[in-house]
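Student: Could we go through a protein model together, step by step? I would like to practise reading a structure.

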Amino acid sequence: MSAKPAINKEIFAPHNERMLAAVQVKRRTKKKIPFLATGGQGEYLTYICLSVTNKKPALVSITKVKQFEDSTSFVRRSQWMLEQLRQVNGIDPNRDCAEFDLVFENAFDQWVASTASEKCTFFQILHNISQRYLSDRKPEFINCQTKVLGGNSILHSAANSVTSAVQKASQALNERDERLSRAEDQTAEMMNSSQHFAKTAHKLAMKHKC
């Protein structure tokens, strides 16, 4: 079993939660360790996970999960509610990059994702979930590529599609009106011709009677 399904099964499922997204990260800057903090457990992998409760009302949280060296199990570390997330910084809106910052009410972390694409996927889901579950105090997304947030490009695409459809419909209506107008003109000409022919025939008939 790969890491993310294992995290969901071991960390979130027992608490009636389901994991929505996860990104493997490393710190961009080393965290200062207090002098008395000894007896560490060695190297470890870190994951930032986004999860939601199965019960209503749904509660969304962001959890830091670690897997220590030579261990197959995962450990839940820090956790924040989505409402505590204040800012998501994509660092560079002009290129794919793996770096990002998360700013909470009481914490600030600088991370590097395992890949830029994994960060992009996590950001897309995080942005979508924020729009869906938060009515106010949504986190600010800064220095993010348009494709990450998706909103502008999707709206522009939809607007362009609607505009194109309206233009095509308008053109079709104009062409139909032109055809109807031509048909009406031809009908009027035929009626005038038939009336003129009838009058001429009537005059000729009257002439021959005389």
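Tutor: Happy to, and here are some questions and answers about this predicted model.

Student: How many helices and strands does the chain have?
Tutor: Let's start with the order of the elements. From the N terminus on, they run α-β-β-β-β-β-β-β-α-β-α-α. The secondary structure therefore comes to a total of four helices and eight strands.

Student: What share of the residues in the chain is buried?
Tutor: A residue counts as buried when its relative accessible area is under 20%. The chain has 210 residues, and the buried share of them is 29%.

Student: Which residues of helix 1 are buried, and where on the helix do they lie?
Tutor: Helix 1 covers residues 3–12, and its buried residues are Ala6, Ile7, Ile11 and Phe12. An α-helix has 3.6 residues a turn, so residues three or four places apart point the same way. Seen down the axis of helix 1, the buried residues fall within an arc of 170°, so they line one face of the helix.

Student: Which strands are included in what covers the buried residues of helix 1?
Tutor: Here we look for the elements that cover those buried residues. The cover includes strand 1 (17–27), strand 2 (44–53), strand 3 (60–68) and strand 4 (75–81).

Student: Is Asn8 in helix 1 buried, partly exposed or exposed?
Tutor: Asn8 lies in helix 1, and among the residues touching Asn8 beyond four places in sequence are Ala13, Pro14 and Glu17. Buried would need under 20% and exposed over 50%. The relative accessibility of Asn8 is 24%, so Asn8 counts as partly exposed.

Student: Strand 1 has partners, I think. How many bridges join strand 1 to strand 2, and how many join strand 1 to strand 7?
Tutor: Strand 1 and strand 2 run antiparallel, and Ala21 stands opposite Leu50 in strand 2. Strand 1 and strand 7 (residues 108–113) also run antiparallel, with Arg27 opposite Trp111 in strand 7. The bridges to strand 2 number eight, and those to strand 7 number three.

Student: Which residue forms a salt bridge with Arg27?
Tutor: In this pair the closest N and O atoms are 2.9 Å apart. The partner lies in strand 7 and Arg27 in strand 1, so the pair ties together parts that are 82 residues apart in sequence. Arg27 is partly exposed, at 29% relative accessible area, whereas the partner is buried, at 8%. That partner is Asp109.

Student: Lys66 carries a charge too. What is the nearest side chain of opposite charge, and how far away is it?
Tutor: Lys66 sits in strand 3 and is buried, yet has no salt bridge. A salt bridge needs the nitrogen and oxygen within 4 Å. Lys66 does make a polar contact of 3.5 Å with the side chain of Tyr44. The nearest side chain of opposite charge is Asp109, at 9.5 Å.

Student: Which residue makes a side-chain polar contact with Glu118?
Tutor: Glu118 lies in helix 2 (residues 116–133) and, at 15% relative accessibility, counts as buried. Leaving aside neighbours within four places in sequence, its contacts include Ala22, Val23 and Gln24. The side-chain polar contact, at 2.9 Å, is with Lys4.

Student: How many residues apart in sequence are Arg76 and Glu17?
Tutor: These two form a salt bridge, with the closest N and O atoms 3.6 Å apart. Arg76 is partly exposed at 25% relative accessibility, while Glu17 is buried at 11%. Arg76 is in strand 4 and Glu17 in strand 1, and their separation in sequence is 59 residues.

Student: Which residues are joined with Glu105 into one salt-bridge network?
Tutor: Glu105 and Arg137 meet in a salt bridge of 3.5 Å, N to O. Glu105 is in the loop between strand 6 (99–104) and strand 7, and Arg137 is in the loop between helix 2 and strand 8 (140–142). Glu105 is partly exposed at 46%, and Arg137 is exposed at 55%. Through salt bridges that share partners, the residues joined with Glu105 are Arg86 and Arg137.

Key: Residues numbered from 1 in each chain as written. Predicted model: local features only at pLDDT ≥ 70, side-chain atom pairs only at ≥ 80, totals over all residues. Heavy atoms only, no water. Buried < 20%, exposed > 50% of the residue type's maximum accessible area, 1.4 Å probe, protein only. Helix = DSSP H or I, 4+ residues; strand = E, 2+ residues; numbered from the N terminus. Arc of directions from axis to C-beta. Contact = heavy atoms within 4.5 Å. Pairing = 2+ DSSP bridges. Polar contact = N/O pair within 3.5 Å; in protein donor to acceptor, adjacent residues only side chain to side chain. Lys, Arg positive; Asp, Glu negative; His and termini not counted.
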